[in-house]
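Biologist: I am new to this structure and would be grateful for a close look at a single part of it. Please describe what surrounds the largest cavity, and then follow the elements involved to whatever else they touch.

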Amino acid sequence: MRVLLLGANGFIGRFVADRLLADPAVHLTALGRGDDADVRFDLAGGSPGALTRFLDAVHPGVVINCAGTTRGGARELTRHNTVAVATVCEALRRSGCGARLVQLGCASEYGPSQPGSSTAEDAVPRPGGPYGVSKLAATELVLGAGLDAVVLRVFSPVGPGTPAGSPLGRLAEAMRRAMQSGDGELKLGGLGVQRDFVDVRDVARAVHAASLSAAQGIVNIGTGRAVRLRDAAAVLARVAGYAGALHELDAPSRPSLSAMGSLASIGAQRGESLPDQPAAGAHPYPDGCGGWQQADVRTARDRLGWRPRINLEESLADIWMEAACRI
């Protein structure tokens, strides 16, 4: 099976590439903007015609799109998350390769949900910020293109390679500094929110399964269990061997270095650079999803035969290992 992977050098894309390369039945070609790509092409600026000619030459059976960005304002997000997907869809429509498209979406497309509930694929999306809007627009383009396509809405990816600017990445870095300086307490803010953390290696397994399946439409990729950041911080302290006290700030929206930028946004889990100080009154986890998010993962189980395998403690141990190795 010939597979064309877009965004192979990103947080998720790297693990998808590793997963596909481990399958002897897959012949993988990576397309992207970096020098390490097999073929250099800018999806946000390249023409559909040029991409169509490449598709006709390579003739992949599956195109996997892990490309995109969480950085920048609405214009930049639209270019890289929406216009780029429009280019991919148009090129696939023009091409004679008939490739299946696996598009990586994001749980930020859903927006806020009711605490205690599990968000299913038929939930009405109400993204609360430009990142979620740009990803939702991409999903709508894919679903309306008339292609053999599936969109995997990934919830909160964690594990090895988690960007240092992400909520859990910043937490690990703050803990490393506290241990290095002998600080006996760590003050943190924004730990009350709950998110569905899924290991990036399990996400890669889901992408592989989706490329082989006949599933179409939207499929949630998560664990089906929301975890409070406060609890994740306690687990991280245990795996790190940090014996100090964790103090949660009463006002997480108050600018504070120890609050780590109020733990940033969910989009940052794929590498976003965030402002040092959140806007006054902003939610302490400003991904537009409020205080709670949990996936209904029955569709992934039934249509992809996929279940998560890696627990959060293992993911956090890998995050800590990388943080501890930083100088």
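Modeller: The lining of the largest cavity is mixed in character: four of its residues are nonpolar, three are polar and two are charged. The model is a predicted one, and the values given here are computed from it. The residues around this space are Gly 159, Thr 162, Ala 164, Gly 169, Ala 172, Ile 319, Glu 322, Ala 323 and Arg 326. Two elements each contribute two or more residues to that lining, namely helix H5, which spans 167-181, and helix H9, which spans 312-325. Of the elements, H9 gives the most, with three residues. The space enclosed in the largest cavity comes to about 50 Å³. With a threshold of 30 Å³ or more, the count is one cavity.

Helix H9 also leads to a second feature, its packing against another helix. In general, a pair of packed helices is described by the angle between their axes and the distance between the axes. For helix H7, residues 229-240, and H9, the angle is about 60° and the axes lie 9 Å apart. Angles from 65 to 115 degrees count as roughly perpendicular and those under 35 as roughly parallel, so H7 and H9 are oblique to each other. Their crossing is right-handed. On the side of H7, the contact is made by Ala 232, Val 235, Leu 236, Arg 238, Val 239 and Ala 240. H9 answers with Leu 312, Glu 313, Leu 316, Ala 317 and Trp 320. In character, this contact comprises nine nonpolar residues, no polar ones and two charged ones.

For context, the model also has an open feature to set beside the cavity. The largest pocket has a volume of about 700 Å³. It is lined by 36 residues, and those closest to its centre are Gly 7, Asn 9, Cys 66, Ala 67 and Gly 68. Four elements supply two or more residues each to this lining: helix H1 (11-21), strand S2 (27-32), helix H3 (74-94) and helix H4 (130-143). Among the elements, H1 gives the most to the pocket lining, with five residues. By character, the lining of the largest pocket divides into 18 nonpolar, 12 polar and six charged residues.

To return to the part requested, H9 gives three residues to the lining of the largest cavity, and H9 also packs with H7 at an angle of about 60°.

How values were computed
Residues are numbered from 1 along each chain as its sequence is written. This is a predicted model: local features need pLDDT of at least 70, side-chain atom pairs count only at pLDDT 80 or more; totals for chains, interfaces and linings use all residues. Side-chain values use heavy atoms; hydrogens and water are left out. On a 1 Å grid over the protein atoms alone, a cavity is a set of points where a 1.4 Å probe fits but cannot get out, and a pocket is an open set with protein on both sides within 12 Å along at least five of seven lines; lining residues have an atom within 4 Å of a point. Grid points are joined across faces, edges and corners, and a volume is the space filled by probe spheres set on the points. Ala, Val, Leu, Ile, Met, Phe, Trp, Tyr, Cys and Pro count as nonpolar, Asp, Glu, Lys and Arg as charged, and the others, Gly among them, as polar. Axes are lines fitted to C-alpha atoms, for helices over the stretch in contact, and angles run from 0 to 180 degrees between N-to-C directions. Angles under 35 degrees count as roughly parallel, over 145 as roughly antiparallel, 65 to 115 as roughly perpendicular and the rest as oblique. A crossing is left-handed if the near helix is turned anticlockwise from the far one by less than a right angle, and right-handed if clockwise. Contact means heavy atoms within 4.5 Å.
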